[in-house]
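The following exercises concern side-chain packing and pairing in a single model. Each task is followed by a solution in steps.

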Amino acid sequence: GAVIMRILFAYRGKPSPAYIPDTTPEQALKLLPTTHMSAVNGLLVPYYLQQLGHDVTFLTDREPEPWWFPQVHVGDADPADFDCLYLWKLHAVRDWLEQYPHLIKQKWRHVAAWFDFPGVRGHVRGAHMIDSFAWGTDVIGGVEAPTFPRAKHCVVEHATVFTEPPEMGETEPCGLFAGRLPVPYLRALEAAAAVVPMKVYALWVAGEPDRVLLRPGQYDGAELALARRLMPDNVTLHPGANMLEVAREASAASFGLVPSTQPPGKKQLLSACKVWDYWAMGLPVVISGNVPEMRHLADLNGLGGGYDR
């Protein structure tokens with residue numbers, strides 16, 4: 001059909017995902033782990049924009065090369081060729097607005113930005129030059145959550161959203177955690193594991209001196225052994241996985257845990273999109289009251305889930 005908009009998509013300036021070079025969008029969807037795989041979503045988001053009928057060009061700061069999307073070098077980007085400059089996540093602001101300040105100052109018809117935390121105008125340099133903002137949870141909460149079930153699987157921001165209920169197994173007396181495990185999350189996980197067994201699918205685990213990186217399917221090796229040594233007692237650790245592939249096992253848990261990176265009483269800035277992974281699997285949620293998604297539990301009708309304040 002007719003092109004809806006001509007979009008210049010600005011992410012990190014790399015013409016291929018860092019972790020999965022030469023991967024097609026269809027293959028990337030199958031590789032997507034639990035949450036927060038920006039390298040995958042940097043490929044999938046322009047792909048979905050294309051599926052909606054938009055003409056998408058990828059902004060790069062290096063020599064354009066053959067890829068799944070046409071590219072234009074930052075020095076050659078002409079606002080007259082596009083309807084919208086689309087800034088994907090905070091990385092785009094840091095990498096483009098700060099390193100190439102002339103980019104945002106050009107006469108674009110429209111500048112839009114997608115962020116994974118609310119209240120961005122007070123935290124981002126150059127935000128006053130951006131015409132439209134979207135916070136990932138607003139979109140997921142307002143559009144995706146009320147429509148389960150629909151198709152099978154889609155990606156919004158960095159949450160894996162199921163649109164077909166996974167096959168539910170027999171509920172086990174255990175909690176589920178998926179995503180990254182920085183030190184504050186490890187502390188919360190330790191507290192939870194002291195009460196009930198926890199099942200964890202981790203993309204990386206905090207360690208010294210460097211974090212331990214885990215990848216889907218990495219069920220052996222020195223990295224996994226080190227990560228397991230960092231785990232509290234009563235925790236079963238698996239590498240990050242596509243929740244769609246382990247849905248039966250994961251959905252058999254009693255609840256999904258959403259801790260905060262901040263101490264009690266201090267507001268967390270970044271979103272925790274793993275909330276939507278858990279809900280899509282039919283799990284109630286135990287969530288820290290200072291996580292941004294908390295407001296959606298209280299303010300939007302029909303989302304369900306358990307919470308603490």
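The buried residues of helix 6 pack against strand 9 (175–181), strand 10 (198–205), helix 7 (222–230), strand 12 (235–239), strand 13 (255–258) and helix 9 (274–280). The coordinates come from a predicted model, and the exercises below should be read accordingly.

**Exercise 1. The buried face of helix 6**

Identify the buried residues of helix 6 and determine how they are arranged around its axis.

Solution.
1. Helix 6 comprises residues 183–193, and its buried residues are Tyr185, Leu186, Leu189, Ala192 and Ala193.
2. These residues cover an arc of only 120° around the axis, so they lie on the same side of helix 6.
3. An α-helix has 3.6 residues a turn, so residues three or four places apart point the same way.

**Exercise 2. The nonpolar cores**

Which residues touch the most other members of the largest nonpolar core, and which elements each supply at least two of its residues?

Solution.
1. The largest nonpolar core holds 44 residues, and Leu181, Met198 and Tyr278 touch the most other members.
2. Elements that each supply at least two residues of this core are strand 9, helix 6, strand 10, helix 7, strand 12, strand 13, helix 9 and strand 14 (285–287).
3. Beyond the four places on either side of it in sequence, Met198 touches Gly175, Leu176, Phe177, Leu189, Ala192, Ala193, Asn234, Val235, Thr236, Phe255 and Leu257.
4. Three of these names, Leu189, Ala192 and Ala193, also appear among the buried residues of helix 6.
5. Another core, of 22 residues, lies apart from the largest one; its members include Leu8, Ala10, Leu85 and Leu97.
6. In soluble globular proteins, nonpolar side chains tend to be buried together.

**Exercise 3. Aromatic pairs**

Classify the ring pair Phe9–Tyr86 and the ring pair Trp96–Tyr100 by geometry, and describe the burial of the residues involved.

Solution.
1. The structure holds 8 aromatic pairs.
2. For Phe9 and Tyr86, the ring centres are 5.6 Å apart and the planes stand at 20°. Planes under 30 degrees apart count as stacked, so this pair is stacked.
3. Phe9 belongs to strand 1 (residues 6–10) and Tyr86 to strand 4 (residues 84–88), so the pair ties together parts that are 77 residues apart in sequence.
4. Phe9, at 0% relative accessibility, is buried, and Tyr86, at 12%, is buried as well.
5. The pair of Trp96 and Tyr100 has a centre-to-centre distance of 5.3 Å and 35° between the planes, and is tilted. Trp96 is buried at 1% relative accessibility, whereas Tyr100 is partly exposed at 22%.
6. Phe9 and Tyr86 belong to one aromatic cluster together with Phe58, Trp88 and Trp114.
7. A charged residue also meets a ring: Arg211 lies over the face of Trp204, 4.5 Å from the ring centre.

**Exercise 4. Salt bridges**

Locate the salt-bridge partners of Asp83 and Lys199, and state how far apart in sequence each pair is.

Solution.
1. The structure holds 4 salt bridges.
2. Asp83 pairs with Arg6, with the closest N and O atoms 3.3 Å apart. Asp83 is in the loop between strand 3 (71–73) and strand 4, and Arg6 is in strand 1, 77 residues apart.
3. Both residues are partly exposed: Asp83 at 22% relative accessibility and Arg6 at 31%.
4. Lys199 pairs with Glu172, the closest N and O atoms being 3.4 Å apart. Lys199 is in strand 10 and Glu172 in the loop between strand 8 (159–162) and strand 9, 27 residues apart.
5. Lys199 is buried at 9% relative accessibility, whereas Glu172 is partly exposed at 33%.
6. Through shared partners, salt bridges join Glu172, Lys199 and Glu249 into one network.

**Exercise 5. The surroundings of Thr57**

Is Thr57 buried or exposed, and which residues is it in contact with beyond four places in sequence?

Solution.
1. Thr57 lies in strand 2 (residues 55–60).
2. With 12% relative accessibility, Thr57 counts as buried, the cut-off being under 20%.
3. Outside its neighbours within four places in sequence, Thr57 is in contact with Ile7, Leu8, Phe9, Pro70, Gln71, Val72 and Phe82.
4. For Ile7, 50 residues away along the chain, the C-alpha atom is separated from that of Thr57 by 6.2 Å.

Methods:
Residues numbered from 1 in each chain as written. Predicted model: local features only at pLDDT ≥ 70, side-chain atom pairs only at ≥ 80, totals over all residues. Heavy atoms only, no water. Buried < 20%, exposed > 50% of the residue type's maximum accessible area, 1.4 Å probe, protein only. Helix = DSSP H or I, 4+ residues; strand = E, 2+ residues; numbered from the N terminus. Arc of directions from axis to C-beta. Contact = heavy atoms within 4.5 Å. Phe/Tyr/Trp six-rings, centres within 6.5 Å; stacked < 30°, edge-to-face > 60°. Lys NZ or Arg CZ within 6 Å of the ring centre and 35° of its normal. Salt bridge = Lys/Arg side-chain N within 4 Å of Asp/Glu carboxyl O. Core = buried A, V, L, I, M, F, W, Y, C linked by side-chain atoms within 4.5 Å.
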